[in-house]
Amino acid sequence: MNSNQRTTQSDTDHYFTAQPAAQSHPEQFTVSVQGVDLILTSDRGVFSHGQLDNGTLRLLKKMELPESGDFLDLGCGYGVIGLVAAKLRPAAYVTLVDINERATRLAAANARANGISNVEVLTGDALQVLEDRQFDVILCNPPIRVGKPKLHELIEDAAQRLRPSGVLWMVIHTRQGAKTHLREMAPLFSACATVSRKWGYRVFRCEKQPEEVD
Ligand SMILES: C[S@@+](CC[C@H](N)C(=O)[O-])C[C@H]1O[C@@H](n2cnc3c(N)ncnc32)[C@H](O)[C@@H]1O
């Protein structure tokens with residue numbers, strides 16, 4: 001979960017429900033990373049209210065993106081990862097998806113507020129609403145709290161949605177079983193590596209098999 005101390009337990013208890021019960025209390029803050037500046041609105045009942053999560057920051061600092069292609073922000077919350085990627089790579093098209101309706105309303109509003117148009121925002125379970133979309137890059141600070149079976153379904157589905165040579169970037173805290181998750185997901189990819197370890201967060205880069213040529 002979010003390790004930043006400012007976020008209270010009640011803010012984040014139900015961050016992955018479709019309709020959070022917490023009373024709305026929007027808060028704005030700025031994010032500057034990889035030369036991209038965004039003004040973002042977050043809210044109670046959405047992951048990491050009021051400030052950027054440290055794990056998300058680690059992922060944003062380490063992710064490497066191609067100039068163009070189809071990107072996915074899996075479990076987008078208020079949209080920070082997908083919106084940084086979309087602003088960094090204007091020739092890319094970024095799909096943001098989250099099961100939490102309050103989160104996706106914020107993600108869409110944050111895209112508009114920052115003048116970012118190379119995005120689409122989908123609401124619902126990623127296993128259902130992504131339909132037949134395929135991606136070149138998937139970016140994810142995963143919902144560890146949904147439990148291991150569901151999390152692994154989401155990761156398996158993500159691996160299947162990657163095109164040949166596509167890359168999944170994921171951040172998990174060591175205390176949340178990062179090493180075990182990496183070991184279990186590695187067989188889904190042709191190569192998986194930990195590219196960064198800092199503040200207890202591990203950033204993984206997992207690549208799909210390249211296209212076979214005769
Ligand atoms: C750890 S949070 C990361 C949020 C955001 N990407 C960030 O870094 O601030 C994980 C997100 O996954 C979402 N989520 C949980 N289960 C999901 C599912 N089945 N499909 C899509 N999103 C889901 C949660 O609602 C939550 O917003």
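Guide: A residue counts as near a molecule if one of its heavy atoms lies within 4 Å of that molecule, and the structure discussed here is a predicted model.

Visitor: Of the residues around the ligand, which come nearest?
Guide: The ligand is surrounded by 20 residues, and this shell divides into 11 nonpolar, 6 polar and 3 charged residues. Those that come nearest are Thr56, Gly75, Asp98, Asp125 and Ala126.

Visitor: How many Å separate an oxygen atom of the ligand from an N or O atom in the side chain of Asp98?
Guide: A polar contact is a pair of N or O atoms within 3.5 Å. A nitrogen atom of the ligand is 3.3 Å from a polar backbone atom of Ile99, and a nitrogen atom of the ligand is 3.0 Å from a side-chain N or O atom of Asp125. For the oxygen atom of the ligand and the side chain of Asp98, the distance is 2.6 Å.

Visitor: What percentage of the ligand's accessible area does the protein cover?
Guide: The ligand sits in the largest pocket. On its own the ligand has 590 Å² of accessible area, and the part of this that the protein covers is 98%.

Visitor: What radius of gyration does the chain have?
Guide: The chain has 7 helices and 9 strands, and its C-alpha atoms fill a box of roughly 55 × 35 × 30 Å along the principal axes. Because the chain has 214 residues, a compact globule would be expected to have a radius of gyration near 17 Å, and the value for the chain, which agrees, is 16 Å.

Terms used
Residues are numbered from 1 along each chain as its sequence is written. This is a predicted model: local features need pLDDT of at least 70, side-chain atom pairs count only at pLDDT 80 or more; totals for chains, interfaces and linings use all residues. Side-chain values use heavy atoms; hydrogens and water are left out. A polar contact is a pair of N or O atoms within 3.5 Å; within protein, one must be able to donate a hydrogen and the other to accept it, and residues adjacent in sequence count only if both atoms are side-chain atoms. Accessible areas come from the Shrake-Rupley method with a 1.4 Å probe; for residues, only the protein chains shown count as cover. On a 1 Å grid over the protein atoms alone, a cavity is a set of points where a 1.4 Å probe fits but cannot get out, and a pocket is an open set with protein on both sides within 12 Å along at least five of seven lines; lining residues have an atom within 4 Å of a point. A molecule sits in a cavity or pocket if more than half of its atoms lie within 2 Å of its grid points. Ala, Val, Leu, Ile, Met, Phe, Trp, Tyr, Cys and Pro count as nonpolar, Asp, Glu, Lys and Arg as charged, and the others, Gly among them, as polar. Helices (H or I, at least four residues) and strands (E, at least two) are DSSP runs, numbered from the N terminus. The radius of gyration is taken over C-alpha atoms; the globule rule is 2.2 Å times the number of residues to the power 0.38.
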